[in-house]
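Student: I am new to this structure. Please pick one residue, look at it closely, and then take me on to other parts worth checking.

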Amino acid sequence: MTENSHENVPSRQRKRFPGISSQAYEHPADRSALVALRRLSGFDTVFKALSGLLPERSLRLLFLSDSVRVSDAQFAHLHTMLRDACYILDLEKVPSMYVTQDPKPNAMCIGLDEPIIVVTTGLVELLDEEEMRAVVGHEVGHALSGHAVYRTVLLFLTSLALKVAWIPLGNVAIMAIVTALREWFRKSELSADRAGLLVGQDLQASMRGLMKIAGGNHLHEMNVDAFLEQAEEYEAGGDLRDSVLKILNVLPRSHPFTTVRAAELKKWAESRDHQRIMDGHYPRRSQDKDTSVTDSFRESAAHYADTVRTSKDPLMKLVGDIAGGAGDLGGKLRDKFSGGSGRAGGEGQGSAESTG
């Protein structure tokens, strides 16, 4: 059951963003991954078929019967946060929200016709009020972006892939779509983290929440700067073998690594794009119909080009070298995979490794 108004929303000091489009906070990689997903062979057929088969009614009944629905009478502080987040992002219809018993900290936004937000008891017990506010904003961001539909399909396909694993070739097609969905899913988390920051408007709270998800409720033992240094070390460290291992490690995951999320969010919080939104300059939903697909492609391409140019990852640096027409490609490949610093006297070889 959903609410259609924001009555009794408490007074606040945080800014509100009337009519804000999800494009204001969506990560370029999120949009480009979704475009790539939709172009995947067979995806439209599978998606249309599943839309009529997914047990959404069953999901709603499951949470209604075996979880606690957030309301003024139950988890009232979460209900206030939920209405607050919808007010700030101007989401007219407040989604249903449930707390489910699970010691693992987690939250999700699923549903086909209408989004449902679910948070676990492990998450509720782990985070303080401002950290939780960012998480609720994160999930409302998913709802505003329309992510719930694809996330629901991913959950169903992941389960289906396990059930049909014994069928020759049958699992290959499903896993191709699951892999593409996971790639988009990870990028969509970066967008939702931004939405959470727009709702909470407290970067330190967002950082603390991510640290707690990574290391538990031991803030006195953790440090934001040191945590962010881990992300930089993760990106820049090792040789091409480590770059390949990073890709293999992330493929089965539904979420980006937590340190990477923290670094991405901090970078965006300090950007001009974020400041423009806070100043009231952002795309409106009323303008979404006029959005150019070509412009979206161009923005995504520019993002990836900038990522390659500025990345310290050995593989991305090599891609940049190739794109820039760097010579001695064979030598660079050999040195990168071997972890060597280049042949003696090789011009530019040492400098390529010095920033790694």
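Tutor: Start with glutamine 201, which is partly exposed because its relative accessible area is 25%, and partly exposed covers values between the 20% and 50% cut-offs. Keep in mind that this is a predicted model. Find glutamine 201 in the loop between α8 (170–200) and α9. Now look at its backbone. Its phi is near 55°. That is a positive value, and the residue is not a glycine.

Aspartate 90 also has a positive phi, of about 60°. Aspartate 90 is not a glycine either. Its loop runs between α4 and β2 (96–100). Here the relative accessibility is 19%, so aspartate 90 counts as buried, since buried means under 20%.

Go back to the loop of glutamine 201, which leads to α9. Helix α9 covers residues 203–215 and packs with helix α12, residues 258–269. Their axes lie 9 Å apart, at an angle of about 175°. The two helices are therefore roughly antiparallel, because angles over 145 degrees count that way. Which residues make the contact? From α9 come Leu203, Ser206, Met207, Leu210 and Ala214. From α12 come Thr258, Arg261, Ala262, Leu265, Lys266 and Ala269. By type, this contact has seven nonpolar residues, two polar and two charged.

Next, the rings. The structure holds one aromatic pair. The ring centres of phenylalanine 17 and tyrosine 282 are 5.9 Å apart, and the planes meet at 85°, so the pair is edge-to-face. The partners come from distant parts of the chain, 265 residues apart. Phenylalanine 17 is in the segment before α1 (28–39). Tyrosine 282 is in the loop between α13 (272–278) and α14 (293–310). Are these two residues buried or exposed? Both phenylalanine 17 and tyrosine 282 are buried.

Tyrosine 282 has a charge over its ring as well. The charged end of arginine 284 sits there, 3.9 Å from the ring centre. There is another case at tyrosine 87, where arginine 16 lies over the ring face. That distance to the ring centre is 4.3 Å.

Arginine 284 leads on to serine 21. Leaving out residues up to four places away in sequence, serine 21 touches Pro283, Arg284, Arg285 and Asp288. Serine 21 belongs to the segment before α1, which also holds phenylalanine 17. Its relative accessible area is 0%, so serine 21 is buried.

Histidine 147 is another buried residue, with a relative accessibility of 3%. Look for histidine 147 in the loop between α6 (129–145) and α7 (148–163). Which residues is histidine 147 in contact with, apart from neighbours within four places in sequence? They are Asp30, His142, Trp184, Ser188 and Ser191.

Finish with threonine 80, in helix α4 (residues 76–88). At 27% relative accessibility, threonine 80 counts as partly exposed. Its C-alpha atom is 9.5 Å from that of valine 70. Those two residues are 10 residues apart along the chain.

Definitions and conventions: Residues numbered from 1 in each chain as written. Predicted model: local features only at pLDDT ≥ 70, side-chain atom pairs only at ≥ 80, totals over all residues. Heavy atoms only, no water. Phe/Tyr/Trp six-rings, centres within 6.5 Å; stacked < 30°, edge-to-face > 60°. Helix = DSSP H or I, 4+ residues; strand = E, 2+ residues; numbered from the N terminus. Buried < 20%, exposed > 50% of the residue type's maximum accessible area, 1.4 Å probe, protein only. Lys NZ or Arg CZ within 6 Å of the ring centre and 35° of its normal. Axes fitted to C-alpha atoms, helices over the stretch in contact; angles between N-to-C directions. Parallel < 35°, antiparallel > 145°, perpendicular 65-115°, else oblique. Contact = heavy atoms within 4.5 Å. Nonpolar A, V, L, I, M, F, W, Y, C, P; charged D, E, K, R; others polar.
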